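Biologist: I would like to go through this chain label by label. Each time, tell me what justifies the word.

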Amino acid sequence: MKPQPHTSRRVRLAVLLAALVCAAGASTAFTTALQERDDRPAAARAEASGAGASAHTRPYVRTQLFFGTGRHHGEPPITEEQFMDFLDEYVTPRFPDGLTLQEGYGQWRDKTGSINGERSYELILLYPAEKAKAHDDDIEYLRDRYTEMYDLESVGRVDEHVRADF
């Protein structure tokens with residue numbers, strides 16, 4: 001029995017559709033595999049590809065530093081005045097173009113395993129991406145200086161590649 005013309009077209013259409021679905025799936029799997037091998041943050045991948053770029057912005061780095069105020073060995077917490085003195089003496093000279101400071105509450109586990117809660121400060125620095133290497137030493141100096149001054153374990157740091165304009 002000879003297949004009907006409309007049945008033959010349906011079969012060809014179904015085969016073509018299945019092939020397209022397979023091709024799309026393979027393409028997606030390949031793209032996903034490439035992204036999984038790329039260990040850069042999503043923002044860095046987007047920046048490199050030009051995705052999300054605006055004509056009004058340019059590449060910047062956003063660094064967040066997390067300063068705790070709780071101290072060890074029965075020492076009193078770091079006061080607001082002490083922190084503002086640190087900001088004025090050490091941070092502002094290294095980042096005179098601007099910064100943002102937010103007060104908050106932080107919680108973390110110390111090296112002994114104790115969970116600590118404390119008043120904290122989040123310092124946000126934005127600077128052109130081409131100055132990132134130059135500012136890295138400044139940022140590490142601030143982290144080291146604060147921990148040494150107040151005998152603390154660490155100052156948290158987060159870096160992100162962003163686009164900004166001022």
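The exchange below takes a predicted model and tests its labels one at a time.

Biologist: How many helices and strands are there in the chain?


Modeller: There are four helices and four strands. Along the sequence the pattern is α-α-β-α-β-β-α-β. The chain has 166 residues, and 22% of them are buried. Its accessible surface is about 11400 Å², with 54% belonging to carbon and sulfur atoms.

Biologist: What share of the contacts with a separation of 6 or more comes from residues 24 or more positions apart?

Modeller: They account for 69% of those contacts.

Biologist: Take helix H4. How do you know what span to expect from its residues?

Modeller: H4 runs over residues 132-150, which is 19 residues. The expected span is 1.5 Å times one less than the number of residues. That gives 27 Å, and the model reaches 27 Å from first C-alpha to last.

Biologist: Which residues of H4 are buried?

Modeller: His135, Ile139, Leu142, Tyr146, Thr147 and Tyr150 are buried.

Biologist: Why are they said to be on the same side of H4?

Modeller: Because they cover an arc of only 115° around the axis. On the other side, Lys133, Ala134, Asp137 and Glu148 are exposed.

Biologist: What covers the buried residues of H4?

Modeller: The cover includes strand E1 (58-68), helix H3 (80-94), strand E3 (115-128) and strand E4 (156-164).

Biologist: What makes a set of residues a nonpolar core?

Modeller: They must be buried, of a listed nonpolar type, and joined through side-chain atoms within 4.5 Å. The largest such core here has 20 residues. Leu65, Phe67, Phe86, Leu123, Leu125 and Tyr146 have the most contacts inside it. E1, H3, E3 and H4 each supply at least two residues of this core. H3 gives the most, with five.

Biologist: Why is leucine 123 called buried?

Modeller: Buried means under 20% relative accessible area. Leucine 123 has 1%, so the label holds. This residue is in strand E3.

Biologist: Which residues does leucine 123 contact, apart from its neighbours within four places in sequence?

Modeller: The list is Thr63, Gln64, Leu65, Phe67, Leu87, Val91, Leu99, Thr100 and Leu101. The C-alpha atoms of leucine 123 and threonine 63 are separated by 8.0 Å, though the two are 60 residues apart along the chain.

Biologist: And leucine 65, what does that residue touch?

Modeller: Leaving out residues up to four places away, leucine 65 touches Tyr121, Glu122, Leu123, Leu125, Ile139, Arg143, Val155, Gly156 and Arg157.

Biologist: Glutamine 64 is polar by name. Is glutamine 64 buried or exposed?

Modeller: Buried. The cut-off is under 20%, and glutamine 64 has 11%, so the word applies. Glutamine 64 lies in strand E1.

Biologist: What makes the pairing of glutamine 64 with glutamate 122 a polar contact?

Modeller: The limit is 3.5 Å between N or O atoms, with one able to donate a hydrogen and the other to accept it. The two side chains make their contact at 2.5 Å. Glutamine 64 also touches other residues, including Leu123, Ile124, Gly156 and Val158. Its C-alpha is 4.6 Å from that of isoleucine 124, 60 residues apart along the chain.

Biologist: Where is threonine 69?

Modeller: In the loop between E1 and H3.

Biologist: Why is threonine 69 called buried?

Modeller: Its relative accessible area is 2%. The bar is under 20%, so threonine 69 counts as buried. Its side chain reaches the backbone oxygen of arginine 119 at 2.6 Å. Among its contacts are Pro77, Ile78, Ser120 and Tyr146.

Biologist: Why is histidine 73 called exposed?

Modeller: Exposed means over 50%. Histidine 73 has 71%, so the label follows. Histidine 73 lies in the loop between E1 and H3. Its phi is near 60°, a positive value in a residue other than glycine.

Biologist: Why is aspartate 151 only called partly exposed?

Modeller: The label covers values between the 20% and 50% cut-offs. Aspartate 151 has 47%, so partly exposed is the right term. Aspartate 151 is in the loop between H4 and E4. Its phi is positive too, near 50°.

Conventions
Residues are numbered from 1 along each chain as its sequence is written. This is a predicted model: local features need pLDDT of at least 70, side-chain atom pairs count only at pLDDT 80 or more; totals for chains, interfaces and linings use all residues. Side-chain values use heavy atoms; hydrogens and water are left out. Buried means under 20% relative accessible area, exposed over 50%, partly exposed in between (1.4 Å probe, protein chains only). The arc is that of the directions from the helix axis to the C-beta atoms. Contact means heavy atoms within 4.5 Å. Accessible areas come from the Shrake-Rupley method with a 1.4 Å probe; for residues, only the protein chains shown count as cover.
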